[in-house]
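Me: I'd like to go through this one by question and answer. Could you walk me through it?

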Amino acid sequence: MLKEISIRTSSHAALEDITDQLNRVIAESGVRSGICHLFVPHTTAGITINEDADPSVARDILRELDKLIPWRDGYEHGEGNAAAHIKASLLGASATILIDNGRLKLGTWQGVYLAEFDGPRQRRVWVKVIPDREAG
Ligand code: ZN
């Protein structure tokens, strides 16, 4: 089954924690064991998995990405948001995560983030929940 989750991002650049929304999608699917594939259908947003216990980690990631890829740096792209495109490509548009006991099987400190680089705006994530072939 394919599900779509919708996220209103909070600022120009932000890591929005979507772990709870993904776990709700999995719970609604009834799948206890399998894989969850995520895809972001945008060119200036991406997906990343990192610490969600201490919010300073997300802020550090965003700040260091800004240093690596400044908003203005003589880019050719005429729309003015080349930095957002580059950051989105660095993080990637998809992730595949195991499902165990009806939830994402993440490390203790891990969360799944939609990475916004040209917001705030409405974003979508397509979610495919794939059960194990055998029962269980
Ligand atoms: Zn653009």
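Me: In which sense do strand E2 and E7 pair?

Reply: Quick setup: this is a predicted model, where local features need pLDDT of at least 70, side-chain atom pairs count only at pLDDT 80 or more, and totals for chains, interfaces and linings use all residues. Residues are numbered from 1 along each chain as its sequence is written, and side-chain values use heavy atoms, with hydrogens and water left out. Strands here are DSSP E runs of at least two residues, helices are H or I runs of at least four, and both are numbered from the N terminus; two strands pair if DSSP finds at least two bridges between them. E2 covers residues 14-17 and shares four bridges with E7, with Leu 15 standing opposite Ala 115, and the sense is antiparallel.

Me: And how many bridges link E4 and E7?

Reply: E4 spans residues 45-51 and also pairs with E7 in the antiparallel sense. Ala 45 of E4 stands opposite Glu 116 in E7. The bridge count for E4 and E7 is seven.

Me: Is E7 mostly covered or mostly open, and how many of its residues are buried?

Reply: Buried means under 20% relative accessible area, exposed over 50%, and partly exposed in between, with a 1.4 Å probe and protein chains only. E7 runs over residues 110-116 and is mostly covered. Of its seven residues, the buried ones number six.

Me: What do the buried residues of H3 pack against?

Reply: H3 is residues 82-91, and its buried residues are Ala 82, Ala 83, Ala 84, Lys 87 and Ala 88. After H3 comes Gly 92, with a positive phi near 95°. The packing partners of those buried H3 residues are E4 and helix H2 (55-68).

Me: How exposed is Leu 2?

Reply: Leu 2 sits in strand E1, residues 2-8. The cut-off for exposed is over 50%, so Leu 2 counts as exposed, and its relative accessible area is 58%.

Me: What is the radius of gyration of the chain?

Reply: The C-alpha atoms fill a box of roughly 55 × 30 × 20 Å along the principal axes. The globule rule is 2.2 Å times the number of residues to the power 0.38, with the radius taken over C-alpha atoms. For 136 residues a compact globule would come out near 14 Å, which agrees with the chain's own 16 Å.

Me: In what order do the elements run?

Reply: The chain has three helices and eight strands. From the N terminus on, the order is β-β-α-β-β-α-α-β-β-β-β.

Methods
Contact = heavy atoms within 4.5 Å.
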